[in-house]
Amino acid sequence: MSDTATYGQAWKGGDKPYVASYGKLMMWFFLITDTLTFSAFLASYGFSRFKFQDVWPKAEEVFTHFPFMHGDHPLLFVALMTFILIMSSVTMVLAVNYGHKMQKEKVILWLSLTIVGGALFLGSQAWEWSHFIHGLDGVHATLISNPYGHPLFADYFFFITGFHGFHVFSGVVFLIVILINVIKDTYEKRGHYEMIEKVGLYWHFVDLVWVFVFTFFYLV
Amino acid sequence: MTDEQDKGNWWIWKVFWILLGLTTFEVLLGIYKPGFLNETVFLGTKLLNHVFIILTLIKGGYIVLVFMHLGFERATLKWTILLPAFILVPFLLFILISEGAYAYLMM
C-alpha cells in the first residue's frame, strides 16, 4: 500500500491523513456534536433525578403497558422497541455490506427492511407516548404536571425520547431518499455506494443513543 | 477495507446475538432485581446500576467499533472521534451528578 510509505508525511500537507472521504469525516464530526448533545440531556436528567430523588418516579412503575395484554409488564415494551432498533441496525449493516459489493438488489432489500424497522420503532414510540400522556386516574401527563411524580420526569421523557424520535424520523427520511437513489441507479453511475455507508453511520448512531436512553431512562 | 468485504456476514450476526443477549440479560436483571445487587450501594448508587452501565458501555462499544466500522479505521480517525467523548462526557457527568447530589442536600 502506498499510504504506508507516505504515512509519516500525512500531517505535513499530505492529503487524507484519516484515509476517509470528506463526507464520512463530516458525518463523524456531526455525530460527535450529537453525542455531546445527548450526553448533556442524559447528564441533566441525572442532575434532576439526584436533586429530586425523594419524589422521582420509578420508570418501571410508569411504563408497564404492553399492547393487547392486560396487567403490569414492566420493561417488556421498551425491550421490544430496543430489539426493533437493534434489528434495524443489523439490516443497515447488511445493506452497507452489499453496497460495498455493488449488489444493487440486495441493497434495496436490506434498506427497505431498515425503513420498516424505523417505522415500527416510530409507531411504538407513538404508542408509548400516548399511554404516558393518558396518565393515571384521569390526570394527564403534560409538561407542567404529571400523575406519576415530579413534573420534570415528564419533561425529560418528552424531551429526550422526543429528540431521539425526531432523529429516527430524520433517519427514515434519509433512508427513503437513498433507497430511491439506489433504485434510480444513482450510485451505480457514481461507481460506489458510499452514501449508504454515511447514512448507515447516522442510523447506527441513533441505535447507539437508544441503547443509552434505554439504560438511563428505563433501567437505572 | 477489502479484507472484511470477503469474510461474509457472520460477523454482523455475531454482534447481533451479543447485543440481543446483553439486552435480554439487562431486562431480566431489571425485572427480577437480584437482592444482593439491588441492596449493595457503591459510589452513590446500587451495584445493579453499575452492572447496567457496564453492560451498556459494552453494547455501545460493539455498535461503534463494529457496526459503525470505527474499529477498522485508521488510528488517527479513531482517536479523533473517541477522545472528545472520552474526555468531555465523564467531565459533564461528574459536574452534573455531583452537583445534583449537592443540590439535594441543600434543599
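**Exercise 1. Find how far apart the C-alpha centres of domain 1 and domain 2 of chain B lie.**

Step 1: Start with the bounds, which come from an automatic or database domain assignment. Chain B splits into domain 1 (1-72) and domain 2 (74-107).
Step 2: Between the C-alpha centres of these two domains of chain B the distance is 20 Å.

A word on conventions before you go on. This is a predicted model, in which local features need pLDDT of at least 70 and side-chain atom pairs count only at pLDDT 80 or more, while totals for chains, interfaces and linings use all residues. Residues are numbered from 1 along each chain as its sequence is written, with chains lettered from A and ligands numbered from 1 in the order in which they are written.

**Exercise 2. Describe the make-up of chain A: how many helices and strands are there?**

Step 1: Recall that helices (H or I, at least four residues) and strands (E, at least two) are DSSP runs, numbered from the N terminus. Chain A has eight helices and zero strands.
Step 2: Now look at its extent. The C-alpha trace of chain A spans about 65 × 40 × 25 Å along its principal axes.
Step 3: Check the confidence, using pLDDT (the predictor's confidence in each residue, from 0 to 100). The average for chain A is 90, and 93% of the residues score at least 70. Among the elements of chain A, helix H1 (residues 2-5) has the lowest mean pLDDT (52), and H6(A) has the highest (96).

**Exercise 3. Work out which way H2(A) runs relative to H6(A) and H8(A): parallel or antiparallel?**

Step 1: Axes are lines fitted to C-alpha atoms, for helices over the stretch in contact, and angles run from 0 to 180 degrees between N-to-C directions. Under 35 degrees counts as roughly parallel, over 145 as roughly antiparallel, 65 to 115 as roughly perpendicular, and the rest as oblique.
Step 2: Helix H2 (residues 22-51) and helix H6 (residues 151-183) of chain A pack at about 170°, with axes 11 Å apart. H2(A) and H6(A) are therefore roughly antiparallel.
Step 3: Sort the residues of this contact by class: Ala, Val, Leu, Ile, Met, Phe, Trp, Tyr, Cys and Pro are nonpolar, Asp, Glu, Lys and Arg are charged, and the others, Gly among them, are polar. The contact of H2(A) with H6(A) has seven nonpolar, one polar and no charged residues.
Step 4: For H2(A) and helix H8 (residues 194-219) of chain A, the axes come within 11 Å and cross at roughly 10°. This pair is therefore roughly parallel. The contact of H2(A) with H8(A) has twelve nonpolar, one polar and five charged residues.

**Exercise 4. Decide whether A:Trp110 is buried or exposed.**

Step 1: Place the residue: A:Trp110 sits in helix H5 (residues 104-134) of chain A.
Step 2: Apply the rule: 20 or more other C-beta atoms within 10 Å means buried, 12 or fewer exposed, and in between partly exposed, with C-beta atoms placed from the backbone. A:Trp110 is buried because it has 23 C-beta neighbours inside 10 Å.
Step 3: List its contacts (C-beta atoms, placed from the backbone, within 7 Å). Leaving aside neighbours within four places in sequence, A:Trp110 touches A:Thr91, A:Leu94, A:Ala95 and A:Tyr98.

**Exercise 5. Which helix gives the most to the side of chain B that touches chain A?**

Step 1: Count both sides: 39 residues of chain B are in contact with 42 residues of chain A.
Step 2: Pick the top helix. H5(B) gives the most, with 16 residues.
Step 3: By class, the side of chain B that touches chain A has 25 nonpolar, nine polar and five charged residues.

Technical notes:
Contact = placed C-beta atoms within 7 Å.
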